[in-house]
Structure formats: C-alpha cells, structure tokens
Amino acid sequence: MPALRPKTPKALAIVRMVQMVTMNELLASMISLIRETKDVQKQESANAQVAKVLDFFESLLCNSVFFAGEQLTLAEVVAGSVIPWLPNNDISLLTYPKLQVWSERLTERHSWQNTQPSPEEFEMFKRRFRILPRVRKRL
C-alpha cells in the first residue's frame, strides 16, 4: 500500500493545502449551509465560499488523477470526506468536471464505501448541527 504522504516538497505542500482548505473553508461553509436555513445572505456567502474552494480544487487537479499526482494521498482522505456529500446539500459538481470524476473515483473504492455514512446517518449529522446553536444558547 502506498504512503498517503508524498515525498516531494511540492506534492506535500499541495496535500497540506488541500487538507487545510477543506477543513477551514469548505467544511466551515458546508456547516453554515446546514445551520442557516433562513438567513439568505449567510447562505449566499457560504455558497460563494464553496464555489471558490471548488474552483480552486478543480484547478489543482489539472491533468492529475489525484491532487498530488497519480497517488492517493491524505488530501483525498480529507477532501473526500466532504466533497462527495455536497450534492446531497444541493451543491452540484457538474460545473467541476475534474472534481466530479475525482469524487466518483473515490466513492467507487471499496474502502470508501465501507467507511462513508449512509444517507440516513448524514441526515442525522445535519440535524445535530442544526440544533447545536440552540443547545449552546441554553448553556
């Protein structure tokens, strides 16, 4: 099994960048979209941020199979835990053809299928994030 961390400095920098952008920008925006069902301005802002990240990821894929080249890395593990769920949140990958193929390639892997939450589990995750602000207000 190949190492999930590439050896070349450039590939390693790409992997780390994808990890950080996924966690700090994409996931944060996705959570905002899950939480904010009434505030149109916040939804638009979160959608714009998601689009910016997806544009960036689309450009990173360029002509590569994976973000850092031809090898599966931690970038796929981290980004792949978020991006395949975007269509379930009304964010289409159709305008990002490289990213869509990349996502399909990941979700076809047996190991991915075994570790991804079911649609029901994902809905439960979304419900928890919607009620979390109300719970915090009570504390």
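The following exchange goes through a predicted model and asks on what grounds its features are described as they are.

Me: What makes the protein chain count as compact for its length, and what secondary structure does it hold?

Reply: The secondary structure comes to six helices and zero strands, and the elements run α-α-α-α-α-α from the N terminus on. The radius of gyration is 16 Å, close to the 14 Å that the globule rule gives for 139 residues, so the chain is as compact as a globular protein of that length. Taken along the principal axes, the C-alpha atoms fill a box of roughly 50 × 30 × 30 Å.

Me: How many of the contacts between residues at least 6 apart in sequence join residues at least 24 apart?

Reply: In the protein chain, 72% of those contacts do. As for cover, 36% of the 139 residues count as buried, while the accessible surface comes to about 8,700 Å², of which 56% belongs to carbon and sulfur atoms.

Me: Why is Thr73 called buried, although its place is in a loop?

Reply: The term depends on relative accessible area and requires a value under 20%; Thr73 has 1%, and therefore counts as buried. Its loop is the one between α2 and α3. Not counting residues up to four places away in sequence, Thr73 touches Leu4, Pro6, Val15 and Ala68.

Me: How do you know that Val50 is buried, and what does Val50 contact?

Reply: Val50, found in helix α2, has 1% relative accessibility, and since buried means under 20%, Val50 is classed as buried. Leaving aside its neighbours within four places in sequence, Val50 is in contact with Leu26, Ser29, Leu33, Leu86 and Ile91. One of these, Ser29, is 21 residues apart from Val50 in sequence, and their C-alpha atoms are 6.3 Å apart in space.

Me: Is Ser103 buried or exposed, and what decides the label?

Reply: Ser103 has a relative accessible area of 6%, which is under the 20% limit, so Ser103 is buried. Ser103 is found in helix α4 and, with neighbours within four places in sequence left aside, is in contact with Ile83, Pro84 and Leu93. From C-alpha to C-alpha, Ser103 and Pro6 are 20 Å apart in space, with their positions 97 residues apart in sequence.

Me: Why is Gln19 called partly exposed rather than buried?

Reply: Gln19 has a relative accessible area of 21%, and a residue must be under 20% to be buried and over 50% to be exposed, so Gln19 is partly exposed. The place of Gln19 is in helix α1, and outside its neighbours within four places in sequence it is in contact with Leu74, Ala75 and Val78. The C-alpha atoms of Gln19 and Val77 are separated by 8.7 Å, although these residues are 58 residues apart along the chain.

Me: What makes the backbone of Cys62 and of Asp90 worth a remark, and how is each residue classed by accessibility?

Reply: Cys62 has a positive phi of about 40° although it is not a glycine, and Asp90, also a residue other than glycine, has a positive phi near 60°. Cys62 is found in the loop between α2 (40-61) and α3 (74-79), whereas the place of Asp90 is in the loop between α3 and α4 (97-107). At 44%, Cys62 falls between the limits of 20% and 50% and is therefore partly exposed; at 76%, Asp90 is over 50% and so counts as exposed.

Me: Which residues have the most contacts inside the largest nonpolar core, and which helices supply at least two residues of this core?

Reply: The largest nonpolar core has 34 residues, and those with the most contacts inside it are Phe57, Phe67, Ile83, Leu86, Leu99 and Trp102. At least two residues each are supplied by α1 (9-35), α2, α3, α4 and α6 (119-138), and α1 gives the most to this core, with nine residues. In soluble globular proteins, nonpolar side chains tend to be buried together.

Me: What is Trp102 in contact with, leaving aside its neighbours within four places in sequence?

Reply: Trp102 is in contact with Leu61, Val65, Phe66, Phe67, Glu76, Ala79, Gly80 and Ile83.

Me: How many charged side chains of each sign does the protein chain have, and how far apart do the centres of the two sets lie?

Reply: There are 19 positive and 14 negative side chains in the protein chain, and the centres of the two sets lie 9 Å apart.

Note on methods:
Residues are numbered from 1 along each chain as its sequence is written. This is a predicted model: local features need pLDDT of at least 70, side-chain atom pairs count only at pLDDT 80 or more; totals for chains, interfaces and linings use all residues. Side-chain values use heavy atoms; hydrogens and water are left out. Helices (H or I, at least four residues) and strands (E, at least two) are DSSP runs, numbered from the N terminus. Buried means under 20% relative accessible area, exposed over 50%, partly exposed in between (1.4 Å probe, protein chains only). A nonpolar core is a set of buried Ala, Val, Leu, Ile, Met, Phe, Trp, Tyr and Cys residues joined through side-chain atoms within 4.5 Å. Contact means heavy atoms within 4.5 Å. The radius of gyration is taken over C-alpha atoms; the globule rule is 2.2 Å times the number of residues to the power 0.38. Accessible areas come from the Shrake-Rupley method with a 1.4 Å probe; for residues, only the protein chains shown count as cover. Lys and Arg count as positive and Asp and Glu as negative; His and the chain ends are not counted. The place of a charge is taken as NZ of Lys, CZ of Arg, CG of Asp or CD of Glu.
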